[in-house]
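Biologist: I am new to this one, and I would like to know what stands behind the words people use for it. Could we go through them together?

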Amino acid sequence: MKKFLAILLSLVMVLSLAACGGGNGGETTPPADSGTSEPAGDQGGTDAPEAKTVKVGLICIGDENDQGYTYNFIRGKEAATEALAAKGINVEWVPKWNIGEDSGCEDANIELADEGCQLIINNSFGFEPFMLKVAPDYPDIEFISCTNQASWGDDLDNTHNAFANIYEGRYLAGVVAGMKLQQMIDEGTITADKAVIGYVGAFSFAEVISGFTSYFLGARSVCPSVTMKVQFVGSWSDATEEANAASALADMGCVMISQHSDNTTPATTAQSKGVFHTGYNNDMISVAPEASLIGTRIDWAPYFEYAIEAVANGESFDQDWCHGMDEGAVVMTDLNEAIAAPGTAEKLAEVEEQIRSGKLQVFDTSTFTIEGKPLESAFALDTDGDFTPDSEEAVFDGAFHESYFQSAPYFNLPIDGIERLNEAFG
């Protein structure tokens, strides 16, 4: 009888241990149809790390309906959220849409700070002055101004600038445009002197000038006769004026349209005028399949992931951040193979690798002149004393080094071959 009881007791203990999943860190797996999304518990004596949550405010000049600038930020937000979730960091986003570059931006920053956001991202150039009014009152909150520059040199520890080397992508888009123009010349569709690009620009700021200059240099690298006309619209986002500018440029004889503006209307206008187009911030092939060749955009996901992870972990992060194709911060949209010149994809891959490796410098001073002369100094035509950041000489090793000293672009020289039809300052 005692032997029977001992055997029975042993059996009960074994069954109990199996039911608890115990013994040498053993685990039991819940049935596949259990419906639980929770991971099996760690029976080895350690607990899984608790997920962290960061509350992030995002102030935008537009909304997802612009299908351009703000939509591109939304894409970065979503991709970063997914990447951070895989690291155990949850992001609670608090967006503010259609905020003007005025006191409303100041109010938006205050509201987000008072709502408990640990990080507040301002997405437009003109937001920075208003952000900087608020930041000193909330030293425990991190403030980011995208595409800007003042935080780079201020005395606040909680303000940051971020940009990307978008000029790399614009150069590549220019190569695509130039190959199409050269094809048109070779096939007799246009003569060499008619290879004219029309560029819709927002303002006469270095950011825009740097962009259309790099685009032009990319186009001229494969189509030597190309010239460019630039029309400024005086706004980052004005769909009607962007369309009007594109239309006027096409009427002036421009057979290729590009843009540094937020909307898709330059693309749709180019198609209606029977000319070609390259875009910015978004793939515009869907709205202009017969005109739009390619686009380039900043992918904000790498930066958002970097900054939010730092906040989640209580770590500091760069006050001035800028990367390009090296970090996946600049990407190209799909190439419209149906209308691109033959060999474009191969050429695009070749030039992109040269940029990534540093073999090709976008602003190689041997590839352009100013008033017929090569550029020897960044200060050659500077008259206001603040052409380059901190009075640094940006021309060295045979190139103008854009965004080398600070993230915000500072190339604003008028090179030969580009005609500005007007000026617009914010």
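Modeller: Gladly. Keep in mind that this is a predicted model. Let us begin with a pair of helices: H2 and H9 cross in a right-handed way.

Biologist: What makes that crossing of H2 and H9 right-handed rather than left-handed?

Modeller: The label depends on how the near helix is turned from the far one, by less than a right angle: clockwise counts as right-handed, anticlockwise as left-handed. The crossing of H2 and H9 falls in the right-handed class.

Biologist: And why are H2 and H9 called oblique to each other?

Modeller: H2 and helix H9 (residues 301–312) make an angle of about 50°, and their axes are 8 Å apart. Roughly parallel needs an angle under 35 degrees and roughly perpendicular runs from 65 to 115. The angle fits neither class, and therefore the two helices are oblique. On the H2 side the contact includes Phe-73, Gly-76 and Leu-84, while Phe-304 and Ile-308 are among the residues of H9 that take part.

Biologist: Which other helices pack together, and at what angle?

Modeller: Helix H7 (residues 239–251) packs with helix H8 (residues 265–273) at about 35°, with 8 Å between their axes. This crossing too is right-handed. Among the residues that meet are Ala-243 and Ala-246 of H7 and Pro-266 and Thr-269 of H8.

Biologist: Now the strands. How do you know that E1 and E2 pair?

Modeller: Two strands pair if there are at least two bridges between them. E1 and strand E2 (residues 89–96) have 8 bridges, in the parallel sense, so they pass that test. One of the matches is Lys-52 with its bridge partner Ile-89 in E2. E1 also pairs in the parallel sense with strand E3 (residues 119–122), over 4 bridges, and there Ile-59 has Asn-122 as its partner.

Biologist: What makes E1 a mostly covered strand?

Modeller: A residue is buried when its relative accessible area is under 20%. In strand E1 (residues 52–59), 6 of the 8 residues are buried.

Biologist: Why is the sheet called open, and which strands stand at its edges?

Modeller: The 6 strands follow the order E2-E1-E3-E4-E5-E11, with parallel pairing. E2 and strand E11 (320–323) are at the edges with a single partner strand each, so one side of each has no neighbour in the sheet. From one strand to the next, the twist averages 20°. Helix H2 (residues 69–85) packs on the sheet, where it touches E1, E2 and strand E4 (142–146), and its direction makes about 160° with that of E2.

Biologist: How do you know that Cys-60 is not bonded to Cys-146?

Modeller: A disulfide needs two cysteine sulfur atoms within 2.5 Å. The closest cysteine sulfur to that of Cys-60 belongs to Cys-146 and is 9.0 Å away, which is too far for a bond. A search of the whole structure finds 0 disulfides.

Biologist: Is Cys-60 buried or exposed?

Modeller: Buried, with a relative accessibility of 0%, against a cut-off of under 20%. Cys-105 is buried as well, at 0%. For the chain as a whole, 52% of the 426 residues count as buried.

How values were computed:
Residues are numbered from 1 along each chain as its sequence is written. This is a predicted model: local features need pLDDT of at least 70, side-chain atom pairs count only at pLDDT 80 or more; totals for chains, interfaces and linings use all residues. Side-chain values use heavy atoms; hydrogens and water are left out. Buried means under 20% relative accessible area, exposed over 50%, partly exposed in between (1.4 Å probe, protein chains only). Axes are lines fitted to C-alpha atoms, for helices over the stretch in contact, and angles run from 0 to 180 degrees between N-to-C directions. Contact means heavy atoms within 4.5 Å. Angles under 35 degrees count as roughly parallel, over 145 as roughly antiparallel, 65 to 115 as roughly perpendicular and the rest as oblique.
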